Amino acid sequence: MCLLLVLLFFVSQAQWTMANSEERTPIYQLRIYEIFEGNKQAFHDRFRDHAMRIMAKYDFKIVAIWETRTGDRTEFVYILEWPDKETMTDRWAKFMEDQEWADIKKETAKVHGRLVGDIQDRILQIKDYSPNKTLLK
């Protein structure tokens, strides 16, 4: 009987550990923005000088940022790390409601026109056999 209780304890501990380790596995968000050659620098300036600062206020964790060109389309690509989907949804809502960000977008649009075309958004979940379980340290 005592051995059975010990075994049940270890099995329940292992299940609890596995469940909690899965909960802590971050998700990643891939964002791809179509940007325009004519005002590309204005976009980069706005993202670097304003969006990143305001995103940091809402705990956005930017992993990396790229620019790519396919044919005649220029894209701005970045990856965010989130603890879970609920946090991601909550932080994006707060960012999009931020009055400073709304004012900055309005002002830059007056001066430079439309800075972003099509936006693609994907949630990436790391698989258990991935060499790395997180991208940020």
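Helices and strands here are runs assigned by DSSP, numbered from the N terminus.

**View 1. The whole chain, read from start to end.** Welcome to this predicted model. The protein chain has 4 helices and 4 strands, and along the sequence they follow the pattern α-β-α-β-β-α-α-β. Of the 137 residues in the chain, 30% are buried. Among contacts between residues at least 6 apart in sequence, 73% join residues at least 24 apart. Keep that in mind as we move to the close-ups.

**View 2. Helix α2 from end to end.** Helix α2 covers residues 40-57, which makes 18 residues. How far apart are its end C-alpha atoms? They are 25 Å apart, and this agrees with the 26 Å expected at 1.5 Å a residue. Look along the helix for a kink of about 40°, centred on F47. Just after α2 comes D59, where phi is positive, at about 65°.

**View 3. The buried residues of α2 and what they pack against.** Which residues of α2 are buried? They are A42, F43, H44, R46, F47, A51, I54 and M55. As a reminder of helix geometry, an α-helix has 3.6 residues a turn, so residues three or four places apart point the same way. The buried residues of α2 pack against strands β1 (27-35), β2 (61-70), β3 (73-82) and β4 (116-125), and also against helices α3 (85-97) and α4 (99-112).

**View 4. F47 and its surroundings.** Here we zoom in on F47, a residue of helix α2 and the centre of the kink. Is F47 buried or exposed? With a relative accessibility of 5%, F47 counts as buried, because buried means under 20%. Setting aside neighbours within four places in sequence, F47 is in contact with M52, M55, I62, I65, F76 and Y78. One of these contacts, M55, is itself among the buried residues of α2.

**View 5. A salt bridge between two strands.** Side chains of opposite charge can pair when their charged atoms come close. R73 and E34 form a salt bridge, with their closest N and O atoms 3.8 Å apart. R73 lies in strand β3 and E34 in strand β1, so this pair ties together parts that are 39 residues apart in sequence. R73 is partly exposed, with a relative accessible area of 22%.

**View 6. Further salt bridges, and a network.** The structure holds 15 salt bridges, and two more are picked out here. One joins the side chains of E37 and K40, at 3.6 Å from N to O; E37 counts as partly exposed, with 43% relative accessibility. The other joins R91 and D90, whose closest N and O atoms are 2.8 Å apart. D90 counts as partly exposed too, at 29% relative accessibility. Elsewhere, salt bridges that share partners join E34, R73, E75 and D118 into one network.

**View 7. The largest pocket.** Our last stop is the largest pocket, with a volume of about 210 Å³. How many residues line it? There are 15, and Y33, R46, W101, K105 and I119 lie nearest its centre. The elements that give two or more residues to the lining are β1, α2, α3, α4 and β4. Which element gives the largest share of the lining? Helix α2 does, with 5 residues. R46, one of the residues nearest the pocket centre, also appears among the buried residues of α2.

How values were computed: Residues numbered from 1 in each chain as written. Predicted model: local features only at pLDDT ≥ 70, side-chain atom pairs only at ≥ 80, totals over all residues. Heavy atoms only, no water. Expected span 1.5 Å × (residues − 1). Bend = angle between axes of the 7 residues up to and from the residue. Buried < 20%, exposed > 50% of the residue type's maximum accessible area, 1.4 Å probe, protein only. Contact = heavy atoms within 4.5 Å. Salt bridge = Lys/Arg side-chain N within 4 Å of Asp/Glu carboxyl O. 1 Å grid on protein atoms, 1.4 Å probe; cavity = no way out; pocket = protein on both sides within 12 Å on 5 of 7 lines; lining within 4 Å. Points joined across faces, edges and corners; volume = space filled by probe spheres on them.
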